[in-house]
Amino acid sequence: MTKQKEIVLSGIRSTGNLHLGNYYGALRKFVAIQDDYDCNFFIADLHALTTNPDPEQLHANVKNILAEYLASGLDPEKSTIFIQSDIPEIAEMYLLLNMHVGIGELMRTTSFKDKARKCLGLKAPADGDSDEAFEKEIIGADTNKRVNAGLLTYPTLMAVDILIQKATKVPVGKDQLQHLELTRRFARRFNSFYGVDFFPEPTDFDFGGAPVKVPGLDGSGKMGKSEGNCIYLVDEPKVLRKKVMRAVTDEGPKEPNSPMREPVANLFTLLELTSTPEVVKHFRDAYADCSIRYGDLKKQLAEDIIAVTEPIRQRIGDIMADEDFLRRVVAQGAERARARAADTLAEMRQIMGIRKF
Ligand code: TRP
């Protein structure tokens, strides 16, 4: 008998276009595992609601990301690709699971604290300071600055996404590991409270090797939507060339074999991702013997990035124009995802004592 494939699930919030960091850090790896796992990839539009987006914008973003997923190689015949809000069972299970989640543990979650502080206009406390003031602020916040309850229960919703599909392998970025830890805790708690062996405990998907870090163009840190340092898959070549030519560098090496500063090292990291080993070696040698001209490096880098993104950008355009195809993909994805979700929910209701007469 063939072994059942392990269930992999990952989601992305629909809050903007996909960038090169998403592509190398996640999408390309997802594409590579589609044959070997029972893969489920979804667009977390309910999670996006936590920041109260404009409705038109939210819908447009869902469509963009869907097209970008597909254009990057996610295959609806191999993977279940769906939109979170198409699965009403998620909303119901979110209510049920919340009954087993403590507001204290949610309030202590790092991502919640960061986002709540932003809402309240507070800075992070210095080391050793207590969070008491912060908690008082949350409770006393006026209605304009309120921290919405959806933000607090973000980890419950994420746990539901995972547990409702009984996924065991969840590829996430470092910033999401705490949410995954909470998911395991909620699963354990539910199982032990009802004396069942119902929810499996999911772990991070280990792709092996060092994690791919994709730096931004602003000299420091990684590429991120909120950093404004992104190369988007939908960037046209001329936009992309401009962005790369404007990337931060330094005044150049003055002595042979000088150590490299972060802005320049970042350009080399991008070159390594998108170019050939020969090209990388050429520029490394030029850096080492001080003959490098950053303008040349950037020109090369821009063209190599374009060679990666341009076919994807064109496919995005084609897919966006094919509404029928998009509708078919999400309908098929929703059908598959709902089948499993409905089973899990029905059993969960039964376990919790919500039963039919
Ligand atoms: N919270 C994740 C993020 O912001 C997105 C997400 C929602 C997710 N539900 C998930 C990721 C379930 C993995 C599994 O990146």
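A nonpolar core is a set of buried Ala, Val, Leu, Ile, Met, Phe, Trp, Tyr and Cys residues joined through side-chain atoms within 4.5 Å, where buried means under 20% relative accessible area with a 1.4 Å probe and protein chains only. The model is predicted, so local features need pLDDT of at least 70 and side-chain atom pairs count only at pLDDT 80 or more, while totals for chains, interfaces and linings use all residues. Residues are numbered from 1 along each chain as its sequence is written, and side-chain values use heavy atoms, without hydrogens and water.

Within the largest nonpolar core, which has 56 residues, Leu20, Leu66, Tyr69, Ile231, Ile292 and Leu297 touch the most other members. Helix H14 (residues 294-321; helices are DSSP runs of H or I with at least four residues, numbered from the N terminus) supplies the largest share of this core, 10 residues. Because domain 1 (7-101 + 153-212 + 323-352) and domain 2 (235-318) both give residues to this core, it lies between them; the domain bounds come from an automatic or database domain assignment. A second, separate core includes Phe134, Ala341, Leu345 and Met352.

| Core | Residues |
|---|---|
| Largest nonpolar core | 56 residues |
| Second, separate core | 44 residues |

Leaving aside residues up to four places away in sequence, Ile231 touches His19, Leu20, Leu217, Met223, Leu240, Lys243, Val244 and Ile305, contact being heavy atoms within 4.5 Å.

Notes
Buried means under 20% relative accessible area, exposed over 50%, partly exposed in between (1.4 Å probe, protein chains only). Helices (H or I, at least four residues) and strands (E, at least two) are DSSP runs, numbered from the N terminus.
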